[in-house]
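Visitor: I would like a close look at a single part of this structure, and at how that part sits among its surroundings. Could you walk me through it?

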Amino acid sequence: MASVEKMISYAISKWHKVGYSMGPKRLGPNFLDCSSFVYYALIAGGFLAKNHPIGNTETLFKLNGTVLEEVYDYKNVRRGDIFIRGYEGYSSGAYGHTGIFLEKDKIIHCNASNNTVTINGCDSYISSFLRRKRSANERYFRPVIRVTNFSKAFKVKDEKWRGICQADCNVRAKPSTSSQIVALYKKGDVIYYDEVWEGGGYRWISYIGYSGKRRFVAYRDMNFNSWISFK
């Protein structure tokens with residue numbers, strides 16, 4: 001099973017142990033760059049296959065919705081989350097940077113400034129690398145731990161955000177497709193939610209309706225086929 005701790009164990013094993021290079025040497029073993037460091041960590045943690053190609057910040061963005069899921073507020077960042085600096089579509093080369101959170105306000109990353117893998121926190125120049133505020137130029141992602149038993153629904157996380165329906169979406173009383181349908185969102189409607197659930201083979205966003213009761217809307221299946229976008 002995939003493990004954040006295995007991912008972090010790999011990351012720490014490279015602390016001051018490799019040099020930094022954006023050239024052909026970036027694939028190791030003696031040199032890495034920011035994105036190859038994160039890719040190898042994801043492989044070590046079991047989130048990517050051992051033979052998965054080593055990409056860059058642009059291909060990391062493309063893992064959102066499959067291997068990664070986006071964290072929309074810095075206050076929700078936790079150990080094992082990944083940051084990407086740079087605008088999606090324009091972050092290649094020196095225009096982007098990435099690394100892993102050891103905890104909120106503490107990152108481990110391979111960086112040109114120190115020419116190696118370093119740990120930076122509030123007492124060691126983290127502000128040189130992160131603003132610690134989500135924006136189009138600084139985004140956060142969480143590696144997805146796949147769950148194979150969907151018989152019992154459970155809450156994945158608290159998250160206050162919004163989803164935009166890309167198709168008509170049923171609102172249900174429980175996080176199950178066999179539960180009662182209590183309302184319908186039409187394509188283009190916006191859903192404001194505060195929790196994310198998993199159950200019955202689906203991921204669900206959840207909110208308290210006008211009735212005062214908690215409601216659930218499925219937004220993707222476990223093969224990552226999605227019908228709600230998040231912006």
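Guide: Happily; here is a walk that starts at one helix and moves outward from there. Please keep in mind that this is a predicted model.

Let us begin with helix α2, which covers residues 34-44. Nine of its eleven residues are buried, so the helix is largely enclosed by the rest of the structure. The buried residues are Cys34, Ser35, Ser36, Phe37, Val38, Tyr39, Ala41, Leu42 and Ile43. As a reminder of the geometry, an α-helix has 3.6 residues a turn, so residues three or four places apart point the same way. After the helix comes Gly46, with a positive phi near 85 degrees.

What does α2 give to the nonpolar interior? The largest nonpolar core has 31 residues, and Phe37, Leu42 and Ile100 are the ones that touch the most other members. Two or more residues of this core come from each of α1, α2, α3 (57-62), β4, β5 (97-103) and β6. Among these, α2 gives the most, with six residues.

Phe37 deserves a pause of its own. Leaving aside residues up to four places away in sequence, Phe37 touches Tyr10, Ala11, Lys14, Leu32, Ile100, Ile108, His109, Cys110 and Val117. Ile100 in that list is also one of the core residues with the most contacts to other members. Apart from this core lies another one, of 15 residues, including Val171, Ile191, Val217 and Tyr219.

The helix also takes part in a pocket. The largest pocket has a volume of about 370 Å³. It is lined by 24 residues, and those closest to its centre are Cys34, Gly93, Ala94, Gly96 and His97. Cys34 is also one of the buried residues of α2. Both α2 and β6 (106-111) supply at least two residues each to the lining. By class, this lining is made of eight nonpolar, 13 polar and three charged residues.

For contrast, consider the second largest pocket, with a volume of about 300 Å³. Of its 17 lining residues, Asn64, Gly65, Tyr72, Tyr219 and Phe230 are the closest to the centre. Tyr219 is also a member of the core of 15 residues. Strands β3 (68-71), β9 (154-165), β12 (190-199), β14 (214-221) and β15 (228-230) each supply at least two lining residues, and β3 gives the most, with three. The class make-up here is nine nonpolar, three polar and five charged residues.

Moving outward from the helix, we come to the charged pairs. Side chains of opposite charge can pair when their charged atoms come close. The structure holds 17 salt bridges. In one of them, the side chains of Glu5 and Arg79 meet at 2.9 Å, N to O. Glu5 lies in helix α1 (residues 4-13) and Arg79 in the loop between β3 and β4 (82-85), so this pair ties together parts that are 74 residues apart in sequence. Both ends are partly exposed: Glu5 has a relative accessible area of 43%, and Arg79 one of 35%.

Another salt bridge joins the side chains of Lys157 and Glu159, at 3.0 Å, N to O. Are these two residues buried or exposed? Lys157 has a relative accessible area of 10% and is buried, and Glu159, with 5%, is buried too.

A further salt bridge brings together the side chains of Asp168 and Lys186, at 3.2 Å, N to O. This pair links distant parts of the chain, 18 residues apart: Asp168 is in the loop between β9 and β10 (169-172), and Lys186 is in the loop between β11 (181-185) and β12. Asp168 is partly exposed, with a relative accessible area of 42%, and Lys186 counts as partly exposed at 43%. Beyond single pairs, salt bridges that share partners join Glu69, Lys157, Glu159, Glu198 and Arg203 into one network.

To finish, let us return to the chain after α2. Asn51 lies in the loop between α2 and α3. In contrast to the buried residues of the helix, Asn51 counts as exposed, at 68% relative accessibility. From Asn51 to Ser124 the separation is 73 residues in sequence and 35 Å in space, C-alpha to C-alpha.

How values were computed: Residues numbered from 1 in each chain as written. Predicted model: local features only at pLDDT ≥ 70, side-chain atom pairs only at ≥ 80, totals over all residues. Heavy atoms only, no water. Buried < 20%, exposed > 50% of the residue type's maximum accessible area, 1.4 Å probe, protein only. Helix = DSSP H or I, 4+ residues; strand = E, 2+ residues; numbered from the N terminus. 1 Å grid on protein atoms, 1.4 Å probe; cavity = no way out; pocket = protein on both sides within 12 Å on 5 of 7 lines; lining within 4 Å. Points joined across faces, edges and corners; volume = space filled by probe spheres on them. Nonpolar A, V, L, I, M, F, W, Y, C, P; charged D, E, K, R; others polar. Salt bridge = Lys/Arg side-chain N within 4 Å of Asp/Glu carboxyl O. Core = buried A, V, L, I, M, F, W, Y, C linked by side-chain atoms within 4.5 Å. Contact = heavy atoms within 4.5 Å.
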